[in-house]
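User: Please take a close look at one part of this structure, the interface of chain D and chain A, and describe it for a first-year student.

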4 protein chains.
Amino acid sequence: MNQQESGLSFERVVFFSDAVFAIVITLLVLEIKPPHLEELSNTNLNYALLGLLPKFIGFVISFMITGLMWIEHHRIFRYIRDYDAGLLWRNLVLLLCVSFVPFPTALFSEYYWSRTAFILYTASFGAAGLAKLWVWLYASGKGNLVGADVDKVIVKRISRRSLAVPLACGLAILFSLISLRLAPLGFALIPLIARLLDPTGRKAKRPALGISH
Amino acid sequence: MNQQESGLSFERVVFFSDAVFAIVITLLVLEIKPPHLEELSNTNLNYALLGLLPKFIGFVISFMITGLMWIEHHRIFRYIRDYDAGLLWRNLVLLLCVSFVPFPTALFSEYYWSRTAFILYTASFGAAGLAKLWVWLYASGKGNLVGADVDKVIVKRISRRSLAVPLACGLAILFSLISLRLAPLGFALIPLIARLLDPTGRKAKRPALGISH
Amino acid sequence: MNQQESGLSFERVVFFSDAVFAIVITLLVLEIKPPHLEELSNTNLNYALLGLLPKFIGFVISFMITGLMWIEHHRIFRYIRDYDAGLLWRNLVLLLCVSFVPFPTALFSEYYWSRTAFILYTASFGAAGLAKLWVWLYASGKGNLVGADVDKVIVKRISRRSLAVPLACGLAILFSLISLRLAPLGFALIPLIARLLDPTGRKAKRPALGISH
Amino acid sequence: MNQQESGLSFERVVFFSDAVFAIVITLLVLEIKPPHLEELSNTNLNYALLGLLPKFIGFVISFMITGLMWIEHHRIFRYIRDYDAGLLWRNLVLLLCVSFVPFPTALFSEYYWSRTAFILYTASFGAAGLAKLWVWLYASGKGNLVGADVDKVIVKRISRRSLAVPLACGLAILFSLISLRLAPLGFALIPLIARLLDPTGRKAKRPALGISH
């Protein structure tokens, strides 16, 4: 990077990403609107709130997954020391996927019986996972933006583990084509897939990698 | 923490939390929509605005409580020097509670006569208070993330005082089961409960702890 | 301030305030919704957009005033070196006023012929101005939070000039009681009032104070 | 700049701008609402989602252009070392243009057949481009806010290249007056215009300038 630049630059990239994650995660609740009761009574309100249950569940799931994606972003950017045009654009595509999340969340919360809604929802997280992998492969590979002091083993393990979420999303979509009830199984396989992709994970107990679990 | 990481990491956790608090606190006003008048006149607008009074009050109360929660978050993170996976996840659960606040605020502003709405509103703040306590107990206990130079007395006092808000919320919910009019009494007891939990508070006058009062 | 605290603390206060300002200023445009045409044609869209003109004007005015308030906040916090509970709470009240701005903006953009809407709009900015003055008087007075190296003359001049906006808002409200057409005159007097309150302003040309003009 | 100020000040300007960009870019998705089906079926949902295609496209285009504007803002602020009142106001005008983007995006996504909607959409980005040029010309010229160590050649090249987007927007608007189908050609000319304005760009391969491509 050019020496003429101020040190603020790289921080801005991280900061901007953080802000997008924070806004997305906070906008999710806006999809849940207070119910409109035809007849005002506490009992009616209770029933109306029960009817919102799929939205509450959708909110919590999307919040936690987006939070996990932030933690993953956080994790890879701890090792990245510099940036260039390639990283900025790849990161922007990742943020595009993240900022899209409120739409499939709203859609799936409303049409939770719909295969299309499920596939769009799952594909959004899968795409964000792939974009994250793209950022990391670029930064640790061609872009050469990872600190020279970072252990090559850590780099490889992050790459392999980053495949877990996209793979699980792909499986969930495949399962949903057979039966929508089978589909969540795909997500349940995430820990197993992560273990298969990174068999040394548990044993090594490196604190730097232990962060997501 | 691994020495290979940049110093940016911990700041990001704090920053991300701040952003979520700031967005929640600013979204609260969006629940108040300009009234739609059937007949346009200044008098009608005045009446319509008076009808929005519960929403204005709900906005101010939720704003101040969320602001207080931010100050409390601020307070505990002044003593936390490091983070790990456990802190990230607990903090994420705290942010989940915080980001949920706009929904019960909107609900309670509209159905202020409803016990259910009151309980959901109060429980949200109580849950956020418990999550904060959870973060603090982990950071100061098992996680061992608090600076070694931090006075053990301060650590204990923060833990005890953090119980005040969840306890008051619990009391307010209990009171509301008897009568909704009695319920705000629970909140009025916050200073008393805080005093009981931390009897040396006033006398000691430690600036670091004096921040929330 | 306690030496045990990390240096991150004060930055967080400033950061949190910045985020609230940024969110408010960006939410303003959400009040302008694309028109719904009964008959689709470019001519109809043109007329519908012309009908949105008061909303566009309201957006630009509120954006610039909120931006000015941010610059003013920025200006006083350049001299503040530390914080305590008193500052946090006063700053929170200032942010409450700022975060309220989207509501009167939406109201006044829709009911621009209404005295009530005008008064609420003007009073919001006046209240924010007073809250800012409150923050500054506390920080530079009792709170003793301003750097010891800051010129006392600058402190006094900021205090006096901070009165300009609340005074102008008060005048505009008074004028509006006579005639709504007269009311904007109050704002036109801001530069004059600022000059009267701080007669040495122009001549001195201190860069630090020149920031808002 | 006055020596009495804390170093936090300039960071705040950059931070505030970043936050506005991040919020705008994340709000864009809120314009896409889940469709309301009259008859609930997966097939109906598929058709309804297809009908949202112009909104999805509008979302992605506006996201990428706003992201590009952020990268450009990022780029010029890497060379700016200081700020004054002139920069703050010009930057605020730039942010005004940026924060307006969600409205023309929503309008154009809904009325994509309308010349007016296209012109407003294009003019918004053109205005933001001009405002960015205004910020840069001031900072690198009269304001004298660019680091003394920054190469004059870089300064000039940024100025010239900053004309590319406003010029392309102007061309696209001109083309749209002839035919709306011709209009996107204006944008397709951006790389060509950028090359004409900065013929040495590719060859020089200065990393600092290479960032946007």
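Analyst: In this predicted model, 50 residues of chain D are in contact (heavy atoms within 4.5 Å) with 38 residues of chain A. The area buried between the two chains is about 3,900 Å²; buried area is the accessible area, taken with a 1.4 Å probe, that two parts lose on being put together, summed over both. Carbon and sulfur atoms give 74% of that area.

Across this interface the rule finds nine residue pairs in polar contact, both residues being at pLDDT 80 or more. A polar contact is a pair of N or O atoms within 3.5 Å; within protein, one must be able to donate a hydrogen and the other to accept it, and residues adjacent in sequence count only if both atoms are side-chain atoms.

On the side of chain D that touches chain A, at least two residues each are supplied by α1 (8–27), α2 (42–51), α3 (53–77) and α12 (207–210) of chain D. Such helices are DSSP runs (H or I, at least four residues), numbered from the N terminus. The largest share, 12 residues, comes from α3(D). By class, this side of chain D has 32 nonpolar, 11 polar and seven charged residues. Here Ala, Val, Leu, Ile, Met, Phe, Trp, Tyr, Cys and Pro count as nonpolar, Asp, Glu, Lys and Arg as charged, and the others, Gly among them, as polar.

The rule also finds one salt bridge across the interface, that is, a side-chain nitrogen of Lys or Arg within 4 Å of a carboxyl oxygen of Asp or Glu. The partners are D:Asp18 and A:Arg12, whose side chains meet at 2.4 Å, N to O. This pair runs from helix α1 of chain D to helix α1 (residues 8–27) of chain A. Over all chains, a search of the whole structure finds 16 salt bridges.

Residues are numbered from 1 along each chain as its sequence is written, and chains are lettered from A and ligands numbered from 1 in the order in which they are written. Local features need pLDDT of at least 70, side-chain atom pairs count only at pLDDT 80 or more, and totals for chains, interfaces and linings use all residues, while side-chain values use heavy atoms, with hydrogens and water left out.
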